[in-house]
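Grab a pencil and have a look at the model below. Then try the exercises before you peek at the solutions.

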Amino acid sequence: MTTTLRAPQEPRARISAKQGWALAALVLPVLLISIDMTVLGFAVPFLSEDLGPSSSQLLWIVDVYGFVLAGLLVTMGTLGDRVGRRRLLVIGSAAFAVASVLAAYAPSAEALIAARALLGLAGATLMPTTLALMRNLFHDDRQRKFAIAIWASGFSAGAALGPILGGWLLEHFWWGSVFLMAAPVSIAVVIAAPFLLPESKDPNPGRIDIASVALSFLAMFPFVYGVKTIAEHGVTVTAVAAIAVGALAGVWFVRRQKRLEHPLIDVRLFRLRRFSASLATNFTIVFAMISSLFLLTQYLQLVLGFSPMQAGLLLLPGMAVSVLAGLFAVRLSERIGLVRTIIGGLVFIIAGFAAMTLIGVDSGAAVVAVAFALIGGGSGLAQTVTNDAILAAAPADRAGAASAISETAYELGGAMGVALLGSLATGIYRAELGDAPASASETLGEAVHVAATLPAEAGNALMEAARVAFTDGLRTVSVVAAVLVVVAAVAVGRALRTRNAEVGS
């Protein structure tokens, strides 16, 4: 997904105007996906008041998109090989526009969850097809590496644009506008793609194994359902059984991939220490970062009282630093080495999460701005070079599989982070509120709504308790995130320290 760590020795061939427009058309879907993952957090307080979702429904609204997208990335890549990558891109973009309209006008929490799932299905067609088309569009090796670097930067750029765009929309329109904005962009891709992009197919595609697709979902959704149920209702037989079903399906899935001639995921790649360590590091970074962003947007608006636009501006430096750090990471790794660059980035992330433990109920805006800038900068440094390490570690004939797994880990990390760390924060919030009205203990947004219906003294007391409970949950999540990144730093340091972890080891 990113540029190579090896410095070029000859000048790069110029990209023609037509190739430039084609590259722009391929970056647009990536921007949509990354914006959609970050912008929703700002709409949570508004849709919570309008739709009244439970805490479990709220988590599903946020992360069902990422789970469906991650679960289908590899499948859609294989489907694009068979039916044509440009054709699938056009179909997926049209579906994304339709799903965006359905989400914008969803009348209930259940309808919004369904629309978000459809967005994930459509989004899964975009990432693998755009990358495959880019490889076909840029035949010059150096042109292609530069184009892929621009394509990858679309993720960080979209994440940076999301808070600002979302904040502005929410101050001027209703919460559905954060979804509706994707429709015209998707339609632009539908119109432009046939004129700018060449069609490409794999002449000998592997068979799509439907059983593997089903097993991947059977492994993911029961496990997450069990975690969410425990966070909302405590340990129950149903929750434990769901987690057990997910774990067994996961084992069955891995064993099946080892037997297939054309597996959905090439699990043999995980035997490469350089590959698996870099992949785990990327997963951990996204796991921690997306979950913290989900909670921070609510903290800034509902605890500290910032408007959506003000909250977006406060988080913007962190997103901007992430983009700049990603552009700087390759050159830095050439100077100080891959391992030091990754570890340095992880140290910044750890410092950011440690700083977030200092936030309070009545103050913390400056702490959030500095902490998220540290997290964003560290993420930009570490993820840029770990993405390259993932692709460099895989044999040439398995580079496509490595890319698909890397993209899947990114989306799955974000969804799992919201599900697991979000459930942890929810559990702390519910436990601390204790005797509060049931609806107020569901979400912080609902507590705001309930407090407004109570007498002034009782309403103020409820809001103070809810703000304290939510802040305690966010601080605890920050500690857990910091510990996870420390573990990732140790693991990647050991795996990449020597050249024995290179390809084929």
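Here come four exercises, each with a worked solution.

This is a predicted model, where local features need pLDDT of at least 70, side-chain atom pairs count only at pLDDT 80 or more, and totals for chains, interfaces and linings use all residues. Residues are numbered from 1 along each chain as its sequence is written, and side-chain values use heavy atoms, with hydrogens and water left out.

**Exercise 1. The overall picture**

Work out how many helices and strands the chain has, and what share of its residues counts as buried.

Solution, step by step:

- Start with secondary structure, taking helices (H or I, at least four residues) and strands (E, at least two) as DSSP runs numbered from the N terminus. You get 16 helices and zero strands.
- Next comes burial: buried means under 20% relative accessible area, exposed over 50%, and partly exposed in between (1.4 Å probe, protein chains only). Of the 505 residues in the chain, 57% are buried.
- Now the contacts, meaning heavy atoms within 4.5 Å. Among those with a separation of 6 or more, 83% link residues 24 or more positions apart.
- Finish with the surface, using Shrake-Rupley areas with a 1.4 Å probe, where for residues only the protein chains shown count as cover. The chain has about 20000 Å² of accessible surface, and carbon and sulfur atoms own 65% of that.

**Exercise 2. A shared arginine**

Find the salt bridges made by Arg467 and say which parts of the chain the one with Asp362 ties together.

Solution, step by step:

- Recall the idea: side chains of opposite charge can pair when their charged atoms come close. The cut-off for a salt bridge is a side-chain nitrogen of Lys or Arg within 4 Å of a carboxyl oxygen of Asp or Glu.
- Arg467 pairs with Asp362 at 3.2 Å, N to O. Asp362 sits in the loop between helix H12 (338-356) and helix H13 (365-393), while Arg467 is in helix H16 (residues 456-496), so the bridge ties together parts 105 residues apart in sequence.
- Check the cover: Asp362 is exposed at 64% relative accessible area, whereas Arg467 is buried at 14%.
- Arg467 also meets Glu464, at 3.0 Å, N to O. These two are three residues apart in helix H16, so about one helical turn separates them. Glu464 is partly exposed, at 36%.

**Exercise 3. The remaining bridge**

The structure holds three salt bridges. Which residue does Arg475 pair with, and at what distance?

Solution, step by step:

- The partner of Arg475 is Asp472, at 2.5 Å, N to O.
- Both belong to helix H16, three residues apart, so the spacing is about one helical turn.
- Arg475 is partly exposed with 24% relative accessible area, and Asp472 is buried with 19%.
- Shared partners join Asp362, Glu464 and Arg467 into one network of salt bridges.

**Exercise 4. A nonpolar patch**

Which residues form the nonpolar patch on the surface?

Solution, step by step:

- Use residues with over 30% relative accessible area and no salt bridge; nonpolar side chains (Val, Leu, Ile, Met, Phe, Trp, Tyr) are joined within 5 Å, and like charges within 9 Å.
- That gives Val101, Tyr105, Trp168, Phe173 and Trp174, with about 510 Å² of accessible area together.
- One of them, Trp168, lies in helix H5 (residues 141-172). Trp168 is partly exposed at 39%.
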